Structures are given as structure tokens and as C-alpha cells.
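User: Please take a close look at one part of this model, the place where aromatic side chains meet between two neighbouring helices. I would like one connected account.

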Amino acid sequence: MLYGTEVLREAGLDTKMALIANIGIGLVSFLASWAGLLVVSRVGRRSLLIFGQIGTLSAHLAIVVCSAILPYGTARGWATFGLLLPFLAFSQGAISTVTWFLLSSKFFKIILRLMSAEIFPLSMRGIGTGICMLSAWTTACTISQLFPICVNNFGQAFTFSGFFIFGSILLIFTWLYLPETRNKTLEQLECQFQNGDWLALKKPGISNAERRLNRKAAEAREEDEEEKKNRSLSIVKEENN
């Protein structure tokens with residue numbers, strides 16, 4: 001978004017056409033953000049995150065191939081523009097705490113705050129969220145400063161190849177370690193982390209085993225309350241006698 005016009009000019013469009021095309025990029029970004037907000041609670045953070053990362057990686061790879069094969073000119077410029085649209089649709093509409101570090105999109109800032117508030121246990125949520133936000137803003141600042149330098153010195157193909165490599169690493173990390181927070185309380189997440197139940201962490205809601213444990217705990221509490229109630233009634237009867 002910050003360098004959309006520069007990317008299109010580097011690909012072969014003139015300044016006027018690059019500015020006009022950048023309006024379309026902003027429109028797609030806006031619409032995709034609203035679409036993501038509508039579906040995030042239905043499909044889950046983790047699933048949408050992985051879907052978005054796969055989409056952005058595919059767009060990165062396509063831009064690399066386009067920049068390497070097509071000669072500098074209008075055709076390459078419009079091809080790059082056509083690839084930037086799905087790239088932004090995936091990056092803005094899909095949710096990724098990790099991909100945000102590379103894309104610096106406004107919608108991911110919203111989701112970054114959402115996920116960082118959900119995955120950290122209550123005892124360290126403040127410092128954990130603070131470290132997460134500091135890392136995000138530092139990375140975003142670094143990328144925004146280095147991107148034009150890399151494009152000017154090494155070209156778009158090399159620059160987007162770097163994005164593709166780092167994005168692939170982040171996708172693997174997300175697949176292996178990021179939990180699904182949909183339909184889970186903070187206490188349930190903390191319990192799953194403590195038990196090391198990674199299969200349950202990657203699924204929305206709680207597992208059947210946890211449901212059985214919760215049901216047994218609820219039944220035990222009811223029995224305790226009933227026993228206390230009966231004991232109180234017995235004491236009252238004895239006092240009356």
C-alpha cells in the first residue's frame with residue numbers, strides 16, 4: 001500500500017497510470033478488509049490466517065516470475081497490477097498476525113491486537129501483548145525503510161523473492177504452533193497450553209475430553225452444593241429438636 005505506485009512504475013507503467021491503478025488497489029484493500037471482518041468469527045483465526053498466507057505467498061511467487069520473465073514495459077506493469085489485487089485481497093481480507101509483519105496492512109493491525117490479547121495467559125497478557133506490538137511496529141518500520149532500497153538496488157524479483165522466503169517460514173511456524181482461539185475462553189487456552197495438547201489447540205472450541213472433564217467437574221460441584229445444603233438442613237433440624 002505504501003509503495004504501490006512505485007512498484008507499478010518500476011514494473012513499467014507511467015506515473016499517471018500508476019496513480020490511477022493505485023486507486024483500485026486501495027479499493028480492493030478496503031473491500032477485502034470488510035469481508036475479513038465478516039467471516040473471522042465464523043471460520044476461525046487460524047484457518048483464515050493460513051488461507052491468507054497461502055494466497056499472499058502465491059501472489060509473491062507470481063510477481064517474482066512476472067518480473068523475471070516479462071520485459072520492462074506496459075505489459076509487465078499491468079500484469080504486476082493484476083497480481084497485486086489478489087495479493088492485497090488475501091493480505092487484507094485474511095487474518096494473519098505473522099504475515100502482518102511483512103505486509104504492514106491496516107486490517108492486520110486490528111487482528112494482531114485481537115490475537116495477541118487472546119493467546120497470552122492472563123498472568124502475562126500485558127507484557128506479552130506489549131512485546132508483540134513492539135515487534136510488529138519495529139518490523140513494519142524496518143520493512144518500509146528497506147523496501148525501496150532493495151527494489152532500487154536489486155529489483156522487484158529479488159525483493160519479492162525475499163518476501164516469499166520469509167513468508168514460507170512464517171507459514172510453517174503458523175501451521176505448527178499458532179493456536180485456534182475461536183470459541184475458547186482465556187482459561188481454556190491456558191489449560192491447553194499447560195497440558196501441551198497441541199491437537200486441541202489447533203481446533204476451535206474445546207476437545208471432547210475437556211468437555212467430559214468439565215462436565216464431571218460441574219457434576220462434582222453440584223454434588224458438593226447438594227451435600228452442603230443437606231448438611232445445613234440437618235443442622236437446622238437438630239437445632240429445632
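**Aromatic contacts between α7 and α8**

Analyst: The model is a predicted one, and it holds six aromatic pairs. One of them is the pair of F147 and F163, which is stacked, with 5.9 Å from centre to centre and 5° between the planes. F147 belongs to helix α7 and F163 to helix α8, so this pair ties together parts that are 16 residues apart in sequence. Both F147 and F163 are buried.

A further pair is formed by F154 and F158. Their ring centres are 4.9 Å apart and their planes stand at 40°, so this pair is tilted; the cut-offs behind that word are under 30 degrees for stacked and over 60 for edge-to-face. In contrast to the buried F147 and F163, F154 is exposed, with a relative accessible area of 54%. F158 is exposed as well, at 51%. The cut-off for exposed is over 50%.

F147 and F163 also belong to a cluster: together with F160 they form one aromatic cluster.

Now the helices themselves. α7 and α8 pack with their axes 7 Å apart, at an angle of about 140°. Roughly antiparallel would need an angle over 145 degrees, and α7 and α8 are therefore oblique to each other. On the α7 side of the contact are I143, F147, C150, V151 and F154, and they meet Q156, F158, T159, F160 and F163 of α8. Sorted by type, the residues of this contact are eight nonpolar and two polar, with no charged residue. The phenylalanines of the stacked pair, F147 and F163, and those of the tilted pair, F154 and F158, are thus included in the contact between α7 and α8.

The same region can be placed in the wider interior. The largest nonpolar core has 17 residues, and F147 and F160 are among those with the most contacts inside it, as are L8, I25, F81, L84 and F87. Each of α1 (4-11), α2 (15-43), α3 (45-69), α4 (74-93), α7 (125-154) and α8 (156-177) supplies at least two residues of this core. The largest share, four residues, comes from α4. Apart from this core lies another, of six residues, including L49, L57, M115 and L171.

In short, F147 of α7 takes part in the stacked pair with F163, in the aromatic cluster with F160 and F163, and in the contact of α7 with α8, and F147 is one of the residues with the most contacts inside the largest nonpolar core.

Terms used:
Residues are numbered from 1 along each chain as its sequence is written. This is a predicted model: local features need pLDDT of at least 70, side-chain atom pairs count only at pLDDT 80 or more; totals for chains, interfaces and linings use all residues. Side-chain values use heavy atoms; hydrogens and water are left out. A nonpolar core is a set of buried Ala, Val, Leu, Ile, Met, Phe, Trp, Tyr and Cys residues joined through side-chain atoms within 4.5 Å. Buried means under 20% relative accessible area, exposed over 50%, partly exposed in between (1.4 Å probe, protein chains only). Rings of Phe, Tyr and Trp (its six-membered ring) pair if their centres lie within 6.5 Å; planes under 30 degrees apart count as stacked, over 60 as edge-to-face and the rest as tilted. Axes are lines fitted to C-alpha atoms, for helices over the stretch in contact, and angles run from 0 to 180 degrees between N-to-C directions. Angles under 35 degrees count as roughly parallel, over 145 as roughly antiparallel, 65 to 115 as roughly perpendicular and the rest as oblique. Contact means heavy atoms within 4.5 Å. Ala, Val, Leu, Ile, Met, Phe, Trp, Tyr, Cys and Pro count as nonpolar, Asp, Glu, Lys and Arg as charged, and the others, Gly among them, as polar.
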